[in-house]
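Trainee: Could we go through the spaces in this protein together, beginning with the ligand site and then moving on to the enclosed and open volumes?

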Amino acid sequence: MTTDTASKETRGFQSEVNQLLDLVINSLYSHREIFLRELVSNASDAIDKLKFLALTNEGLYESDAESIVDIEFDTAAKTITVRDNGIGMTREEVVDHLGTIARSGTKEFFGKLSGDAKQDSQLIGQFGVGFYAAFIVADRVTVNSRRAGTAPDAGVRWESDGKGEFTVETIARPSRGTEVILHLKDDALEFANGWRLRDLVKRYSDHISTPIRMKKEGKDETGTETVNHATALWTRAKQEISDDDYKAFYKHVSHDFEDPMAWVHTKSEGKLEYTTLFYIPGRAPFDLFDRDSARGVKLYVQRVFIMEDAEQLLPRYLRFIRGIVDTRDLPLNVSRELLQRNKAIDTIRGASIKKILGMIEDLAGGENYGSFWQAFGRVLKEGVIEDGANRDRIAKLLRFASTKLDQAEHTVSLEDYKSRMVDGQTAIYFLTAENHLTAKNSPHLEIFREKGLEVLLLTDPVDEWLVSHLTEFDGTPLKSVLHGQLELPGASTEEGKDEQAEDEHAALVGRIKTALGEKVKDVRSSRRLTHSPACLVSEDFDMSANLARILKASGQEVPATTRILEVNAGHPLVTHLADEADEDRFKAWTSILFEQAVLAEGGRLEDPAGFVHRVNELVLDLAKAARPG
Ligand code: ADP
C-alpha cells in the first residue's frame with residue numbers, strides 16, 4: 001500500500017464486505033435484476049443530496065443544474081453503465097463507502113448469518129445490498145466519480161473484481177457525479193439489452209423523480225429519451241398509483257427487498273400543505289430495539305430532499321415506520337435545530353401519528369396483525385409510555401399472552417379481556433415475569449385458575465414500564481397479581497373460613513416470621529395459593545421482583561426491598577411445619593419454603609449452595625426415617 005494518494009493503490013475490503021459479497025453472489029442469483037434498481041437508487045440519492053447542498057451553495061452545480069441519470073449498454077464491450085450527475089465522491093469517500101459497511105444493524109446482521117445459503121438469502125434481503133449488488137452480474141466493476149465542487153483533476157477511479165481487494169487512483173474527470181461501469185459476467189449478457197433495461201426501469205425505478213435517460217432504440221433514431229415517469233411518486237394522484245408503484249417506492253426509501261405490510265398516503269391542503277406517505281415494513285429491521293437507531297422517514301420541502309432521520313417528524317415508538325413527508329410550509333434551508341421549535345412540524349407530526357395509528361388499527365382488524373405484532377409490538381408498547389395524548393388509542397392495539405390461551409401467543413386485546421370479565425370482577429389482572437413458562441406456572445395464579453379469572457402474562461422487559469403507565473383501560477384498573485392483598489370476586493363465602501384459618505395459623509405464621517427475620521417484610525396466610533406451599537408478594541407500591549431483576553441486569557443500582565411471604569395454611573408442608581419442635585429443623589424448613597417461593601417466580605437465590613445443602617439434609621433425614629428397621 002502506498003501513501004501517495006495521487007497514484008494507484010490497492011486496498012482490502014473490510015471483512016464484512018467480503019462476507020456480504022459472498023452472500024450476494026451466492027444467494028441472489030435468482031433475483032439478479034435487482035442490481036439495476038440498487039444502482040439507480042444510489043444515483044437518485046446522490047442527486048437528492050446535491051440538490052440539497054446546492055440550496056446554500058449554487059456553485060456545486062458547476063453550471064449544469066439539470067439532474068440526470070443515464071443508463072447505457074455496449075454489447076460488444078459487454079458493459080452496462082449507470083451514470084448520475086449527483087454529489088459524487090472524493091477519493092476518501094470512495095474508499096470509505098465502497099470498501100466498508102457503516103450501516104446500523106451491521107453487527108446484528110452478521111451475527112445472525114447461519115452459513116446456510118437459503119436461510120441467509122432471506123436475511124440479506126432484509127439487510128439490503130446496495131452498491132454491492134453490482135457484483136451479481138459483473139465480474140469487474142469500475143466506478144469513476146468526482147465530488148461536486150472539486151477541481152476537474154480531483155476525480156477518482158475505483159475498480160474491483162469483488163474478490164477481497166479494490167484499487168483506487170486519482171483521475172481527471174470533467175463532469176461531477178458518479179458512473180458505475182459493470183463488466184458483465186458471460187451469463188449476464190442478457191441485461192445488455194435496451195428492452196430488458198427499459199422494462200426493469202419501468203418495473204423497479206419508475207417512481208424515481210429524476211429523469212432516467214437511455215438512447216433511443218430503432219435504426220434511424222438518435223438522441224436519448226426519458227424512460228421513467230420522472231415525477232415524485234407521492235405527488236401523483238392516488239388513483240394513478242398502482243400497488244406495485246407503491247411497493248417499488250418503498251424498496252427505494254427503505255432499502256428493503258421485501259414488500260411492505262401496509263401504507264398510507266395522505267395529502268393535506270388545509271391551512272398547511274403537506275403530503276405524507278408512510279409504510280409499515282414487512283419485517284422488523286435489525287436495529288429495531290436500539291432506541292437510537294435511525295428513523296426512516298425522509299423530509300422533503302417542495303419536493304427537495306432535506307434530511308433523513310428527522311427526529312421531529314415522528315416519535316421514537318414509531319421508529320419502524322418508513323416513508324416521506326413533503327411540505328410547502330417549511331423554508332428550504334430548514335435545519336434540525338429549527339425543526340425543534342416549529343409549529344408546522346408539530347402539526348404535521350400530530351396528524352402523522354394519527355394517520356399511522358389509523359393504519360395500524362386497520363391492520364388490527366385483519367389477518368396480518370399477528371405478524372405486525374410480532375415484529376413491532378414491543379416497540380409500539382413504548383407509545384403507551386411516551387405518548388400520553390394517544391395512550392388510549394395505542395392501548396387498544398396492544399396484544400398479550402394470557403392464561404386463557406394454551407400457547408404463548410400474544411393475541412389477547414384489553415377489549416377481549418374486558419368482554420370476558422366475570423361477574424363482580426373489578427380489575428384487569430396481569431402477572432409480569434421473565435418468560436412465559438415462569439409466568440404460566442407461577443403459584444400466584446392458583447386462585448385465579450380456581451375462580452376462572454383470566455390473567456394477562458407479561459414477559460417483555462418493557463411491560464414493567466407499560467403497566468406503570470397504563471394504570472387503567474376504559475375505566476377498569478389494571479392490577480398485578482404479584483402485589484398487595486387480593487379482593488377477588490366470589491370470595492365472600494370463603495372469607496369467614498379464611499379468617500378462622502388465619503387465626504389458627506397466627507402462631508405458626510409468627511414463628512415463621514421470627515425464623516426468617518430480615519429476609520421478609522412480613523409473613524401472612526395466603527388467599528392466593530391452592531396448590532403451592534408459599535409465594536412472595538410485593539406491597540402495592542413496591543417494585544416487582546421482575547423489574548428489580550431487569551434493572552440489575554442493565555447495571556442499575558436497585559434499592560433492596562424485602563417482600564411478604566404468603567404461606568398456604570392448608571398445604572401439608574406447612575401443616576407439617578406446625579408440628580416441628582426442633583428449632584434448627586424448623587429454621588431449615590422455613591428457609592426452604594422461602595427459597596422455593598423465590599425460585600418459583602424465576603428469582604435468584606442469594607445462597608444457592610446453602611439451599612441445596614438444606615434440601616439434601618432433609619431428604620436424607622426422610623430417607624433414614626423411611627428405611628425399614
Ligand atoms: P446505501 O446506499 O444503503 O448506503 P450502498 O452500499 O449502496 O449503501 O452505498 C454505500 C454508500 O456509497 C452510499 O451511502 C453513498 O454514500 C455512496 N454511494 C453509492 N453510490 C453512489 C453514487 N452513485 N453517488 C454518490 N455516492 C454513492
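The exchange below takes up the ligand site, the cavities, a pocket and the domains in turn.

Mentor: Bear in mind that this is a predicted model, in which local features need pLDDT of at least 70 and side-chain atom pairs count only at pLDDT 80 or more, while totals for chains, interfaces and linings use all residues. Residues are numbered from 1 along each chain as its sequence is written, and side-chain values use heavy atoms, with hydrogens and water left out.

Trainee: Which helix gives the largest share of the shell around the ligand?

Mentor: A residue is near the ligand if one of its heavy atoms lies within 4 Å of it, and the residues that surround the ligand include Asn-42, Ala-46, Lys-49, Asp-84 and His-97. Helices (H or I, at least four residues) and strands (E, at least two) are DSSP runs, numbered from the N terminus. On that basis the largest share of the shell, three residues, comes from helix α2 (residues 34-54).

Trainee: How much of the accessible area that the ligand has on its own does the protein cover?

Mentor: Consider the polar contacts (pairs of N or O atoms within 3.5 Å; within protein, one must be able to donate a hydrogen and the other to accept it, and residues adjacent in sequence count only if both atoms are side-chain atoms). A backbone N or O atom of Phe-131 is 2.7 Å from a ligand oxygen, a polar side-chain atom of Thr-178 is 3.2 Å from a ligand nitrogen, and a side-chain N or O atom of His-255 is 3.5 Å from a ligand oxygen. With accessible areas from the Shrake-Rupley method and a 1.4 Å probe (for residues, only the protein chains shown count as cover), the share of the ligand's 530 Å² that the protein covers is 82%.

Trainee: Where does the largest cavity lie with respect to the domains?

Mentor: On a 1 Å grid over the protein atoms alone, a cavity is a set of points where a 1.4 Å probe fits but cannot get out, and lining residues have an atom within 4 Å of a point. The largest cavity is lined by 13 residues, with Arg-37, Glu-38, Ser-41, Lys-251 and His-252 nearest its centre, and α2 gives the most to this lining, with five residues. Domain bounds come from an automatic or database domain assignment, and because both domains give residues to the lining, the largest cavity lies between domain 1 (3-230) and domain 2 (235-364).

Trainee: What is the volume of the second largest cavity?

Mentor: Residues that line the second largest cavity include Ser-44, Asp-48, Trp-234 and Tyr-300, and α2 and α8 each supply at least two residues of the lining. Grid points are joined across faces, edges and corners, and a volume is the space filled by probe spheres set on the points. By that rule the largest cavity has a volume of about 100 Å³, and the second largest cavity one of about 60 Å³.

Trainee: Between which domains does the second largest pocket lie?

Mentor: A pocket is an open set of points with protein on both sides within 12 Å along at least five of seven lines, and the second largest pocket has a volume of about 990 Å³. Of its 34 lining residues, Ala-545, Lys-552, Val-598, Arg-604 and Glu-606 lie nearest its centre, and α18 (545-553) gives the most to the lining, with six residues. Since both domains give residues to the lining, the second largest pocket lies between domain 3 (375-480) and domain 4 (497-538 + 561-626).

Trainee: How far apart are the C-alpha centres of domain 1 and domain 3?

Mentor: The domain assignment of the chain gives domain 1 (3-230), domain 2 (235-364), domain 3 (375-480) and domain 4 (497-538 + 561-626). Between the C-alpha centres of domain 1 and domain 3 the distance is 49 Å.
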